[in-house]
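Dear colleague,

Please find below the structure that I am handing over to you. A summary of what was found in it follows.

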Amino acid sequence: MSLLLCRQERVNRPYFMEALGVHLYSSQELSYVIYNHPLLVMDGFVDGLLLKFLREELNQGVLVAKLERILKNKDNTDDALTIILQECDYYNSAEVSRFRKMVAMLRKKNPLDFKRMKADELFSLRQYGRAVELYKEILDCPGNVRVDPKFIGTVKNNLGSCYARMFRLDKALEAFEAAYEATGQIQVLKRMYNLSQLDERLVLSDKLKGKITEEMKREWDNNLEKAKEKAAQSEAVQKLEELFRKDPVKRQAGEAALLRQWKQEYRHMAVD
């Protein structure tokens with residue numbers, strides 16, 4: 001992910017936004033991240049490192065004083081996010097009000113559902129490792145906490161999708177099996193079947209095989225074949241072919257990364 005916004009501010013040491021894996025170079029970029037990714041900034045985002053960036057790099061001493069007062073008094077830290085948006089003056093008052101309402105609505109969510117939503121957003125941003133950590137935290141919740149089995153099934157399914165995109169197909173199959181046991185959804189069964197076709201070392205149990213009809217196999221095999229064709233026509237493969245026509249040094253430097261991208265695209269289509 002990268003940000004390219006209009007306002008230019010003189011920054012020597014950009015702020016690294018770990019959740020997104022990007023460096024922020026301006027108050028405009030900071031405002032953009034806060035406004036568009038509230039789930040990722042609602043807990044612990046306003047800390048000493050951010051205050052240092054605001055004070056030393058963006059010359060926002062007055063804003064830092066306001067934020068320090070909120071943190072010291074342990075007031076509603078969500079107000080700190082709103083104040084940043086107001087002081088940085090990138091979003092108008094109506095947009096800031098909309099943000100405040102969105103944060104208030106998210107705070108009313110069940111803590112586990114809030115964590116699941118945050119993990120889902122990380123997944124959508126391809127931050128699979130961080131998403132896995134949150135999904136596992138949900139699944140490790142104490143046994144005395146009452147949770148809807150379908151909710152747990154959804155979390156396990158999403159965990160499996162993360163593992164598939166991380167090339168951990170064995171872990172993906174394990175998560176999908178648990179998800180199918182909880183939900184019985186055909187789409188989850190399809191993902192398991194596709195994984196078994198992608199890696200011959202992954203073998204479905206006889207019980208699962210018995211759930212798959214010949215008609216399902218024909219349809220899913222046809223979809224997999226289309227996924228292969230689409231992956232083969234991808235931009236990454238075209239670049240790879242260009243590399244093969246170039247000198248050996250450039251080819252060796254680029255072909256491994258492009259092949260990984262190609263395979264990743266194929267796996268994405270197979271488990272979506």
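**Pockets of the predicted model**

In the second largest pocket, α10 (169–183) and α12 (206–209) each contribute at least two residues to the lining. Please bear in mind that the model is a predicted one. Of the elements around this second pocket, α10 gives the most, with three residues. The full lining of the second largest pocket consists of Glu177, Tyr180, Glu181, Gly184, Lys207, Leu208 and Lys211. By class, these residues comprise four charged, two nonpolar and one polar. The space in the second largest pocket amounts to about 170 Å³.

I turn now to the largest pocket, which holds about 370 Å³ of space. Its lining is made up of 17 residues, and those closest to the centre of the pocket are Glu18, Ala19, Leu40, Asp43 and Lys118.

Which elements each supply at least two residues of the lining of the largest pocket? They are the strand β1 (15–17) and the helices α7 (111–124) and α8 (128–139). The largest share comes from α8, which provides four residues. As to the chemical classes, the lining of the largest pocket has nine nonpolar residues and seven charged ones, together with one polar residue.

For your first inspection, I would suggest beginning with the residues closest to the centre of the largest pocket, Glu18, Ala19, Leu40, Asp43 and Lys118, and then turning to α10, which gives the most to the lining of the second largest pocket.

With kind regards

Terms used: Residues are numbered from 1 along each chain as its sequence is written. This is a predicted model: local features need pLDDT of at least 70, side-chain atom pairs count only at pLDDT 80 or more; totals for chains, interfaces and linings use all residues. Side-chain values use heavy atoms; hydrogens and water are left out. On a 1 Å grid over the protein atoms alone, a cavity is a set of points where a 1.4 Å probe fits but cannot get out, and a pocket is an open set with protein on both sides within 12 Å along at least five of seven lines; lining residues have an atom within 4 Å of a point. Grid points are joined across faces, edges and corners, and a volume is the space filled by probe spheres set on the points. Ala, Val, Leu, Ile, Met, Phe, Trp, Tyr, Cys and Pro count as nonpolar, Asp, Glu, Lys and Arg as charged, and the others, Gly among them, as polar.
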